[in-house]
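Good morning, colleagues, and thank you for your time. I should like to take you through one chain, and I ask that you keep its sequence and model in view as I speak.

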Amino acid sequence: MKKGILILMVFTLVMVLGSITFAQDQPLEITFWHHEAPAHRVAAFQKVIDLFMKENPNINLKQEVVMWGDAWVKTLAAIEANTLPDFQFGLPDFVTTMFKTGSLAPLTDLVKEIDEKYQIFPNQKNMYFYDGDYWGVLL
């Protein structure tokens, strides 16, 4: 079960980054927070990150581990300090809390694109649907 969750999270990471295109001279710096602290999981993320950056040399992707016990406090503090990562993993209740701060960008277009290709189960999409938009995606 845990291995399946990790695979889904890595797949989500690849899908999000793979759907973005960039045309700029300087490498794009992207930082993301996840909550998978065991060394083998951090290493698995890094392996995917390294492969992604090898295929996309204009993107510098950096992972940071934020323990779930610190996620709400650290994210709310980052909102106040305007130091949020570019994206972060979250659960429905976490996303709802962050939605209420007004700090999220809608992912509706991305969710629709992934759904067209992979047919996301409706209940998985609906967990992150508020106020007419999708604010997260669970694959």
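I shall begin with the overall layout, then turn to the sheet, the core, the salt bridges and a few individual residues.

Please bear in mind throughout that this is a predicted model. The chain has 139 residues, and 34% of them count as buried. Its accessible surface comes to about 8700 Å², and carbon and sulfur atoms account for 58% of that area. As to secondary structure, there are six helices and five strands. Followed along the sequence, these elements give the pattern α-β-α-β-α-β-α-α-α-β-β. One further figure describes how the chain folds back on itself: if we take the contacts between residues at least 6 apart in sequence, 65% of them join residues at least 24 apart.

Let us now look at the sheet. In what order do the three strands of the open sheet lie? The order is β2-β1-β3, and the pairing is parallel. The edges are formed by β2, residues 59-65, and β3, residues 87-88, each of which pairs on one side only. Strand β1 covers residues 28-34, and seven bridges join it to β2. Two of the residue pairings may help you to find your place: T31 has K62 as its bridge partner in β2, and W33 has E64 as its partner in that strand. Both K62 and E64 will return in a moment.

A helix also belongs in this picture. Helix α2, residues 39-55, packs on the sheet and touches β1 and β2. The direction of α2 makes about 170 degrees with that of β2.

This brings me to the interior. Which residues make up the largest nonpolar core? There are ten: L28, I30, F32, F45, I49, F52, I59, L61, F87 and F89. The elements that contribute two or more residues to this core are β1, α2 and β2. Strand β1 deserves a separate remark: five of its seven residues are buried, so the strand is largely enclosed by the rest of the structure. On the listed core positions L28, I30 and F32, I would add a general point. In a regular strand, side chains alternate between the two faces of the sheet.

I turn next to the charged side chains. The count of salt bridges comes to three, and I shall take them in turn.

In one of them, the side chains of R41 and E36 meet, with a nitrogen-to-oxygen distance of 2.3 Å. Are these two residues buried or exposed? The relative accessible area of R41 is 15%, so R41 is buried. E36 is buried as well, at 10% relative accessibility.

Another salt bridge joins E64 and K62, at 3.4 Å from N to O. These are the β2 residues mentioned earlier as the partners of W33 and T31. Here the setting is partly exposed: E64 has a relative accessibility of 24%, and K62 has one of 46%.

The remaining salt bridge is between D115 and K125, at 2.8 Å from N to O. D115 sits in helix α5, residues 108-118, and K125 in helix α6, residues 122-126; the two residues are ten apart, and the pair links distant parts of the chain. K125 counts as buried, at 16% relative accessibility.

Two residues call for attention on account of their backbone. Most residues other than glycine have a negative phi. N82, however, has a positive phi of about 55 degrees, although it is not a glycine. Where does N82 lie? N82 is in the loop between α3, residues 68-81, and β3. With a relative accessible area of 70%, N82 is exposed. Q119 also has a positive phi of about 55 degrees and is likewise not a glycine. Q119 is placed in the loop between α5 and α6, and its relative accessible area of 55% makes Q119 exposed.

Lastly, I would point to F129, which is found in strand β4, residues 129-130. F129 is partly exposed, with a relative accessible area of 38%. The C-alpha atoms of F129 and T108 are separated by 8.7 Å, while the two residues are 21 apart along the chain.

To close, I would ask you to keep two features in mind: the open sheet in the order β2-β1-β3, and the core of ten nonpolar residues. Thank you for your attention.

How values were computed
Residues are numbered from 1 along each chain as its sequence is written. This is a predicted model: local features need pLDDT of at least 70, side-chain atom pairs count only at pLDDT 80 or more; totals for chains, interfaces and linings use all residues. Side-chain values use heavy atoms; hydrogens and water are left out. Two strands pair if DSSP finds at least two bridges between them. Helices (H or I, at least four residues) and strands (E, at least two) are DSSP runs, numbered from the N terminus. Contact means heavy atoms within 4.5 Å. Axes are lines fitted to C-alpha atoms, for helices over the stretch in contact, and angles run from 0 to 180 degrees between N-to-C directions. Buried means under 20% relative accessible area, exposed over 50%, partly exposed in between (1.4 Å probe, protein chains only). Accessible areas come from the Shrake-Rupley method with a 1.4 Å probe; for residues, only the protein chains shown count as cover. A salt bridge is a side-chain nitrogen of Lys or Arg within 4 Å of a carboxyl oxygen of Asp or Glu. A nonpolar core is a set of buried Ala, Val, Leu, Ile, Met, Phe, Trp, Tyr and Cys residues joined through side-chain atoms within 4.5 Å.
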